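Trainee: I would like a close look at a single part: the contact between chains, and what lies around it. Please take me through it in one go.

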2 protein chains.
Amino acid sequence: MSETKTPRRAARRGSGGVTINDVAKLAGVSAITVSRALNQPATVSPLTLEKVKGAVSSTGYVPNLLAGGLASNRSRLVAALVPTIVGPVFVQTIEALTGALAEAGCQVLLGQSGYADSREDALIDAVIGRRPEGIVLTGTSHSAESRRKLAACGIPIVETWDLSQTPIDMLVGFSHTEVGVAMAKHLIERGYKRPAIVTADDHRASLRRQGYVDTLQAQGIDAPAVQVPAPATFRDGRDALARLLEQTPKVDAVFCSSDVLAHGLITEAMARGFKVPRDIAVAGFGDLAFAADLHPALTTVHVDGPTMGRQAARFITDRAAGRDPGPKMRDIGFSIVKRDSA
Amino acid sequence: MSETKTPRRAARRGSGGVTINDVAKLAGVSAITVSRALNQPATVSPLTLEKVKGAVSSTGYVPNLLAGGLASNRSRLVAALVPTIVGPVFVQTIEALTGALAEAGCQVLLGQSGYADSREDALIDAVIGRRPEGIVLTGTSHSAESRRKLAACGIPIVETWDLSQTPIDMLVGFSHTEVGVAMAKHLIERGYKRPAIVTADDHRASLRRQGYVDTLQAQGIDAPAVQVPAPATFRDGRDALARLLEQTPKVDAVFCSSDVLAHGLITEAMARGFKVPRDIAVAGFGDLAFAADLHPALTTVHVDGPTMGRQAARFITDRAAGRDPGPKMRDIGFSIVKRDSA
DNA sequence: GTGAAAGCGCTAACAC
DNA sequence: GTGTTAGCGCTTTCAC
C-alpha cells in the first residue's frame, strides 16, 4: 500500500539462505576475504580470520558448493559407479576410496549401474553433469557409447577390479582369468578328480570360469559349469548345488564365483547330509568377513579391495594436483586363502 | 608477436568443455531455447527441438548441473546418510529411495556417517553445502548440533528406521521397543524358559533390547544380555554365544539384534554340536535375503526397507512440488516371521 | 593482506 | 514460441 514503485524484481531469486556476502558484511570485510579465510586461512591475518569465523558461526553459514564448484571448476566430487551396493564385494573398495578422498576434501557420489550396460549409460550422463573430478568404474566392460563419452569428457577415469588391454584412462585391478587358473591348479594339486564351477553370469565371473575350465581342460578334465543370474544370492548357491548334482552326481569340488554362493552351496550340502570337504569341497571368491568363520572355514580367493580404492583415489588426486601419477595401470594380484572347505 | 594489446584476460577461465552457448550457436538458436528444449521439450517447436538435439549429439554436450543447480536453486540431489554401507540392512531402503528419486530426476548422494555422532556432524556440513533437495537420515538419534543445523538449513529432512516424539521434520519408521516386546512375547508363547539377548551397541538395537528385557522382567524372567560392538559381524555372533554360555549355560533361546549375528550364533551352536532349535532357539532381526534359506530357516523380524525408502522419496518430492504431503510421520510397523530356528 | 570487477554456465523473469 | 537481460553465489584475476 504505502510502497511506491518498488522494483518488481526485488525478491526475484535466491535461495533465501545465508550467503558469503552476509558473512562479509557482518565481519566487516569483503566477500573474497571470507572466501580466503575459509579456503586458505594462512593467507589472511589472524584478526581477520577470527572476525570471519565469528560471523560464520553466528550466521550458521555453510558455503554453497554448487556456486564454488562452478566458479573454481572444482566440484570436490568424485563419482564411483558400482553394479550394486547390495553385494558386499565392492563396499571395501568404496569405503577406502571414500576415506582417502575425504582427506583430499572430496565427497563420493555413488552410482548404481546395475549389471546391465543400458543403465550405466544413463547414469554416466547424470554423473558427468555434476562435473566430478574423477570417475571410478567397476570393471572394464562398458558399452562403446559409455567408453566414448567417458573418454571425451576430460574427467580422469579409473577402472577397477579387472585388467584391460585398452583401458579408458587409468586402471587398478587384477586378472580374473588368472584367478580361475590358480584355483583349478589348487584343486588339482589337492587331488580332486571331478571339479565343477558355479558362477554368476556377470562378465568378471565369466573370465574366472574361463580360466578355470580351460586349465582343467588342458588336464583332460571336463568341468561341469552352472550359471546363476547376477547378483548371486545365498539361495542361488543352494539351488546351484541341487542342479549340479542332478547333472553330475559325482562332483567332488566346486569353485563358486562368490563367497555368498559358496556359503549357500555348503549349506545345501550339509542339509543333504554331505560332509564338507570330505564328500564335496567348496571354494569361494572374495574372502568376505564371514569366510574365515564359517564351519568349515571357507577356502577362497582374497582380493585387496581397500588397496584398489586407495589407488583409485591416488590416481585421481595426483591428476588433480598435476602430479605425475606414474604408471597408469596397476595389477594388484590376488591370493588363494587355503582353509578347511577345500 | 603480431598481437596488439589483446585483452589480457581473454583465455582466463572456463572448463574448456562444451557449453550451452556452443550448442545454441550450432543450432542457430539462443541459449535459453536450448535450455527449454532439454528441460521442457513440450514448450519448443518440433523443428527447433530437432535442431537442438542434433547440435547436442554432435557436440557431445552434457549440461553442467552445478551451473543449472545454482541458477534454478534445484540441485537435483538428495542426500542419504547411513551409518554404514557395509551392512545389508539399509541397502534396500537406499535402493528404493534411489529408484524412486531417479524417476523424479534426482540423484542420491550417499554419506557414511559411521555409528559415531562426531562423524555425522562433519558429514552434515559437507552435505548441506551441496544444497540437496532433501536429506534422508537413518535413525532419530543425532547430536544437538546436528539437529540444530539440519532444522535451520531449510532443507526437507526425513528420518527413517525409528520413531521419535520430536522429529526434526518428517519421519518414516517403526518402534524398536515394540519389536523387543513382540519377540519376548513370541518366545514366551513358544514355551522358552530362559531366553537371552545379544545386541550390537547401537541406539536402535538398545531400544529393542529394552523392550525385550522389560517384557521378560514383567514375567519374572531375568534375561541375560550380551553386547557386541556395532556393526555386528558373523564372527561377533559366534563369539557372543560362547560368552553367553559361559555366563549362563542353560540359555534356551537367543534374540539377536541382526540376522548376521543370529547366523553366527547358529553356526557356533552347530559347531558345538547343539541342535537348533531343539537345544537352543535363535531369532534374528532384519529378514535378510539369506534368512529364509538358512538351515534351519531363521525366525526373524521383517522390516519393510523398500517402503521406507519410497516413503522418504515421496515426502521429499511432495515437498519440492509444493504438494501437501499429509501426515509428516508414518509408522510402517514390522512383523515376526516364524520359521524353524525359534 | 585486502579489495573491485568480472565471469563460471546456467535459468528466472519479462518482453515480444 | 523465442529472445534479452540479469542474476544464482562463489572464485579468479588483477590492482593496491
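Mentor: Start with a definition: to compare two copies, they are superposed by least squares on the C-alpha atoms of residues with pLDDT of at least 70 in both. Keep in mind that this is a predicted model. Now apply the definition. A turn of 180° and a shift of 0.0 Å along the axis lay chain A on chain B, with an RMSD of 0.1 Å. That is the relation of a two-fold axis.

Next, the contact itself. On one side are 45 residues of chain A; on the other are 44 residues of chain B. Which elements of chain A each supply at least two residues to this side? They are H4, helix H5 (91-103), strand E2 (107-112), helix H6 (117-129), helix H10 (234-247) and helix H11 (259-271). H4(A) gives the most, five residues. By class, the side of chain A that touches chain B has 23 nonpolar, 16 polar and six charged residues. Now compare the two sides. Of the interface residues of chain A, 98% are also interface residues in chain B, so the copies meet through the same surface.

Hold on to H4, and turn to the DNA. Take strand D. It is surrounded by 30 residues. The closest are A:Ile20, A:Ser35, A:Ala67, A:Gly68 and A:Ala71. H2 and H4 of chain A, with H2 and H4 of chain B, each supply at least two residues of this surface. H4(A) gives the most here, with five residues. So H4(A) leads twice: on the side of chain A that touches chain B, and on the surface near DNA strand D.

Now strand C. Again, 30 residues surround the strand. The closest are A:Val44, B:Ile20, B:Ser35, B:Gly68 and B:Ala71. H2 and helix H4 (65-72) of chain A give two or more residues each, as do helix H2 (31-39) and helix H4 (65-72) of chain B. The largest share, five residues, comes from H4(B). What about the classes? Near strand C there are 12 nonpolar, 13 polar and five charged residues. Near strand D there are 12 nonpolar, 13 polar and five charged residues.

H2 deserves a closer look. In chain A, helix H2 (residues 31-39) packs against helix H3 (residues 46-59): their axes come within 10 Å and cross at roughly 95°. That makes H2(A) roughly perpendicular to H3(A), because angles of 65 to 115 degrees count that way. The contact has named partners. A:Thr33, A:Val34 and A:Ala37 in H2(A) meet A:Thr48, A:Leu49 and A:Val52 in H3(A). Four of the residues in this contact are nonpolar, two are polar and none is charged.

Now step back to the whole of chain A. Its domains are domain 1 (20-67), domain 2 (75-174 + 305-332) and domain 3 (176-302). The C-alpha centres of domain 1 and domain 3 of chain A lie 59 Å apart.

Finish with some backbone details. Most residues other than glycine have a negative phi, and most peptide bonds are trans. A:Arg76 is not a glycine, yet its phi is positive, about 55°. The residue sits in the loop between H4 and strand E1 (77-82) of chain A. A cis peptide bond joins A:Ala230 and A:Pro231, with omega about -5°. A:Pro231 is in the loop between strand E7 (225-228) and H10 of chain A. In chain B, a cis peptide bond joins B:His295 and B:Pro296, with omega about 5°. B:Pro296 lies in the loop between strand E9 (281-283) and strand E10 (300-302) of chain B.

Conventions:
Residues are numbered from 1 along each chain as its sequence is written. Chains are lettered from A and ligands numbered from 1 in the order in which they are written. This is a predicted model: local features need pLDDT of at least 70, side-chain atom pairs count only at pLDDT 80 or more; totals for chains, interfaces and linings use all residues. Domain bounds come from an automatic or database domain assignment. Axes are lines fitted to C-alpha atoms, for helices over the stretch in contact, and angles run from 0 to 180 degrees between N-to-C directions. Helices (H or I, at least four residues) and strands (E, at least two) are DSSP runs, numbered from the N terminus. Angles under 35 degrees count as roughly parallel, over 145 as roughly antiparallel, 65 to 115 as roughly perpendicular and the rest as oblique. Two residues are in contact if their C-beta atoms, placed from the backbone, lie within 7 Å. Ala, Val, Leu, Ile, Met, Phe, Trp, Tyr, Cys and Pro count as nonpolar, Asp, Glu, Lys and Arg as charged, and the others, Gly among them, as polar. A residue is near a molecule or strand if its C-beta atom, placed from the backbone, lies within 6 Å of it.
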